[in-house]
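Here are a few exercises to help you find your way around a new structure. Have a go at each one before you read the solution.

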Amino acid sequence: MDLKVISSTDRPNSNALKVSNYVKTLYEQEGADVEVISLEDFPLAEVAGGKYGKEIPEVKAFRDPIINADGLIFVIPEYNGSFPGILKMFIDYLPFPKAFEKMPMAFIGEADGAFGALRSVEQFQMIANYRNALQFPERVFIARVNKEFDEMSGIKDEFTQGLLESQVRNFVKFVEASTEKEMDQLV
């Protein structure tokens, strides 16, 4: 199983990247092949000026591992009551409409505020729904991330840590079931 954890910001040394790296270790414990992809590395300079509809080799190289994965886990911070602009830019340069068609997705929000990026995740889920993704219903919201999250041990709040561990275990099963179902339909 090939999973990608998407750190959904281009902010250097972000909490989203720290959470993504921690989440990667949890998925590895479940036996999944996992890679963290940071939108910090999105080739933004190549798309400056609105090169929509053009095949840009650097963008293709960045996005292909993502759209060819078996499942995606988005770690989404909250910026100004929404998700980061780089995440929207990334989505805008994906092949439409098929890039996320039937792609299993899980969502983790993180923010320094009390709601753990609830708005950001829900706003992004509207886009994922529009793109026909298979959205896993167990979402995790890490509130007060600067106080409540440790890069080595995870979330200090036991309940939220338990939710994260449940999401990881069950998302692996969700991806496996999605893949098996699609294979059955091909036969």
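**Exercise 1: A pocket**

Keep in mind that this is a predicted model. Find out which residues lie nearest the centre of the second largest pocket, and how many line it.

*Solution.* Start with the lining: 13 residues make it up, and Arg 11, Asn 15, Pro 77, Tyr 79 and Glu 110 are the ones nearest the centre. Next, look at the helices involved. Helix 1 (15-29) and helix 6 (145-148) each give at least two residues to that lining. Finally, the space inside: the second largest pocket holds about 150 Å³.

**Exercise 2: A serine in a helix**

Work out whether Ser 20 is buried or exposed, and which residues it touches.

*Solution.* First, place it: Ser 20 sits in helix 1. Now take its relative accessible area, which is 0%; buried means under 20%, so Ser 20 counts as buried. Then check its surroundings. Skipping neighbours within four places in sequence, Ser 20 contacts Val 5, Ile 6, Ser 7, Val 36 and Val 75. One last distance: Gly 109 is 89 residues from Ser 20 along the chain, yet their C-alpha atoms are separated by 11 Å.

**Exercise 3: The sides of helix 5**

Check the length of helix 5 (residues 118-130), then decide where its buried residues sit around the axis.

*Solution.* Begin with the length. Helix 5 has 13 residues, so at 1.5 Å a residue it should span 18 Å; the C-alpha atoms at its ends are 19 Å apart, which agrees. Next, list the buried residues of helix 5: Ser 120, Val 121, Phe 124, Gln 125, Ile 127 and Ala 128. Because they cover an arc of only 160° around the axis, they fall on the same side of helix 5. The face turned away from that side has the exposed residues Met 126, Asn 129 and Tyr 130. What do the buried ones pack against? Their partners are strand 3 (71-77), helix 4 (85-92), strand 4 (104-110), strand 5 (134-135) and strand 6 (140-142). After helix 5 comes Asn 132, with a positive phi near 65°.

**Exercise 4: The cores**

Find which residues have the most contacts inside the largest nonpolar core.

*Solution.* This core has 31 residues, and Phe 74, Phe 90, Phe 100 and Met 105 have the most contacts within it. At least two of its residues come from each of helix 3 (57-67), strand 3, helix 4, strand 4 and helix 5. Apart from it there's another core, of 27 residues, including Ala 32, Val 36, Ile 142 and Val 145.

Notes: Residues numbered from 1 in each chain as written. Predicted model: local features only at pLDDT ≥ 70, side-chain atom pairs only at ≥ 80, totals over all residues. Heavy atoms only, no water. Helix = DSSP H or I, 4+ residues; strand = E, 2+ residues; numbered from the N terminus. Expected span 1.5 Å × (residues − 1). Buried < 20%, exposed > 50% of the residue type's maximum accessible area, 1.4 Å probe, protein only. Arc of directions from axis to C-beta. Contact = heavy atoms within 4.5 Å. Core = buried A, V, L, I, M, F, W, Y, C linked by side-chain atoms within 4.5 Å. 1 Å grid on protein atoms, 1.4 Å probe; cavity = no way out; pocket = protein on both sides within 12 Å on 5 of 7 lines; lining within 4 Å. Points joined across faces, edges and corners; volume = space filled by probe spheres on them.
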